[in-house]
Amino acid sequence: MIFDAADLPSSLQVRADLCVVGAGAGGATAAMIAAEAGLSVVVLEAGAFLTPADMSQREDEMFPRLFWEGGNRTTKDRSVKVHQGRGVGGSTLHNLNVCKPIPQAIRDAWRRDRGLEHLPNETWDALYAEVEALLSVSAVPRAQWNRHNLLFERGCEALSWRGGGLSHNRTGCLGSGFCELGCAYDAKNNAAKVMVPRAVQAGAQFFSHCQAVEITHAQSRVTGVRATSLDPSSLQPRGTVVVEAKRVCLSASATATAAILLRSRIPAPEGAVGDGLRIHPAVVVAGEFEEPVNAWRGIPQAYECTEWLSEAEDGHRLWLLPAFAHPVATATFVPGRGEAHRALMERYAHLGVFTAMLHDHTAGRVRPKGDLGLSIDYWPDADDRKELALGLEVCARLLFAAGARKVLVPAFPSQTIHPGDDLSRLREFEITKGGIDLTAVHPMATVPMGDDPRRAAVGSDGAHHHMDGLFIADGSLFPTSIGTPPQLSIYAMGLHVGRRIARA
Ligand SMILES: Cc1cc2nc3c(=O)[nH]c(=O)nc-3n(C[C@H](O)[C@H](O)[C@H](O)COP(=O)(O)OP(=O)(O)OC[C@H]3O[C@@H](n4cnc5c(N)ncnc54)[C@H](O)[C@@H]3O)c2cc1C
Ligand code: SF4
């Protein structure tokens, strides 16, 4: 069953073998595995339960329903936007369905540094095969690449840069282009479509509009979760929900999981919780094309460029992709004011936007704020800023190679570049707070797993080293940035940790 906690009595007490916090990629998967293994499972989800019929394809309606802080979550000094999803299905409701595993070189480095005895290569490979089958992952058919992605490919080919088609978890996709606002056609094979129904079928109970505040514990053992139901309109606390459970699995994403652990005063080694945050910060560059691009139509990301993403430790760390947005979001980053801004927006159909996403080394911090909030402290260090400036240059080069007749760098003040201008000066661009928009959609690595309980809070089976009955199954577990889209690997952690819980 899926209950809306807002419809239930304002003081609620439930009991289960397992309480999962968060119904996204990690949580829905762990809940499915545990419920199918015979455990009674309660899943608390702060967001709403929405179906394809609720996805209205309107930015003003869907951003507040699908994203934390209505899509306006930022770092505490507002220098970086951090988009994260909420709802039964989590960020998989609105993500762009790109599927890639963590590169072998990164997994090898983790094993050297952290051990990860429960995640040998064969286990990773088997988990990826299982997730790909569950989500029906396949290559995006070339016939479905839109003009924006074809221009991106043209740019790569003209520059002889390494690139190729991407894989995705969609079936029956109509190419509407509204992925970021949720799919009205149920074409995304995501947590809401694949895992939640199976978990419910196996008896799991989901409570939407129910936000966990803290884990309760006594004598180094979890006893449950204290939560609050939320008013669906104001999202203000409405009543208390107490879950008694001998097992708790935190899957509230890399920001909220760390915040809940810290708020609950769960013992852990110094610096092992909340301090390793990576986010894959990204810059965007826009190009204006003679012919309409109509980039909002069709599958948003079908082609990638890996020319500037090296597996070598000291190599470049930029992953390039097309990154278009709907009109409201576009208007927030298109430079200029008044008439100048209007003139640019009138050329919306002619814009192409490319992004450089950074495999970041900078470690940021997450801390709880009050009972329900959290704060994110992150600003890329000098090396990472240098890479991001290079990202501006390579996106501009790619746009011109794709045929753009002018390129706009949405900085403050904005920069307009014409064919033949010296692009290498962008490499020297100073990335400053407020001087340019940085956006991140992949928070991770706030509770890095490791075999050594003196260094890590949690092992590579997801079990907490210092609190019996506590598990973690989300992107928090990664020891570093992964430089690739994380969803496949987080689903994999849901399977892996879910099975460990079922054995506990
Ligand atoms: C715009 C966008 C596009 C993306 N595109 C891609 C892509 O193409 N490919 C890819 O691999 N990845 C993509 N991602 C990232 C990917 O979706 C996430 O990395 C992944 O879903 C994270 O899984 P998770 O389980 O850690 O967290 P989530 O899926 O975010 O789930 C966490 C859930 O916990 C809930 N929660 C938080 N706090 C509480 C609390 N206190 N109590 C109860 N519930 C709580 C949240 O509401 C949320 O539903 C994208 C992300 C965004 C924002
Ligand atoms: S492009 Fe495909 S997956 Fe995305 S919203 Fe449209 S139908 Fe759904």
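User: Which helix gives the most to the shell around ligand 1?

Analyst: That's H7, with four residues. Helices and strands here are DSSP runs numbered from the N terminus (helices are H or I, at least four residues; strands are E, at least two). H1, strand S10 (210-218), H7 and helix H11 (487-503) each supply at least two residues of that shell. Bear in mind that this is a predicted model: local features need pLDDT of at least 70, side-chain atom pairs count only at pLDDT 80 or more, and totals for chains, interfaces and linings use all residues. Residues are numbered from 1 along each chain as its sequence is written, and chains are lettered from A and ligands numbered from 1 in the order in which they are written.

User: What makes a residue part of a shell?

Analyst: Its C-beta atom, placed from the backbone, has to lie within 6 Å of the molecule. Around ligand 1 there are 41 residues, and Gly22, Gly24, Gly90, Pro485 and Gln487 come nearest. Ligand 2 has 13 around it, with Cys173, Ser176, Cys179, Cys183 and Ala187 nearest.

User: How are the residues of the shell around ligand 1 divided by class?

Analyst: Into 16 nonpolar, 21 polar and four charged. Ala, Val, Leu, Ile, Met, Phe, Trp, Tyr, Cys and Pro count as nonpolar, Asp, Glu, Lys and Arg as charged, and the others, Gly among them, as polar. The shell around ligand 2 comes out as eight nonpolar, three polar and two charged.

User: Why are H1 and H6 called roughly parallel?

Analyst: Helix H1 (residues 25-36) and helix H6 (residues 191-201) pack at an angle of about 25°, with axes 8 Å apart. Angles under 35 degrees count as roughly parallel (over 145 is roughly antiparallel, 65 to 115 roughly perpendicular, the rest oblique), so H1 and H6 earn the name. The axes are lines fitted to C-alpha atoms over the stretch in contact, and angles run from 0 to 180 degrees between N-to-C directions.

User: And why is Ile266 called buried?

Analyst: Ile266 has 21 other C-beta atoms within 10 Å. The cut-off for buried is 20 or more within 10 Å of its own C-beta atom (12 or fewer is exposed, in between is partly exposed, with C-beta atoms placed from the backbone), so Ile266 counts as buried.

User: What is Ile266 in contact with, leaving aside neighbours within four places in sequence?

Analyst: Ile215, Leu261, Met467 and Leu470. Contact means that the two C-beta atoms, placed from the backbone, lie within 7 Å. Ile266 itself is in the loop between helix H7 (253-263) and strand S13 (282-288).
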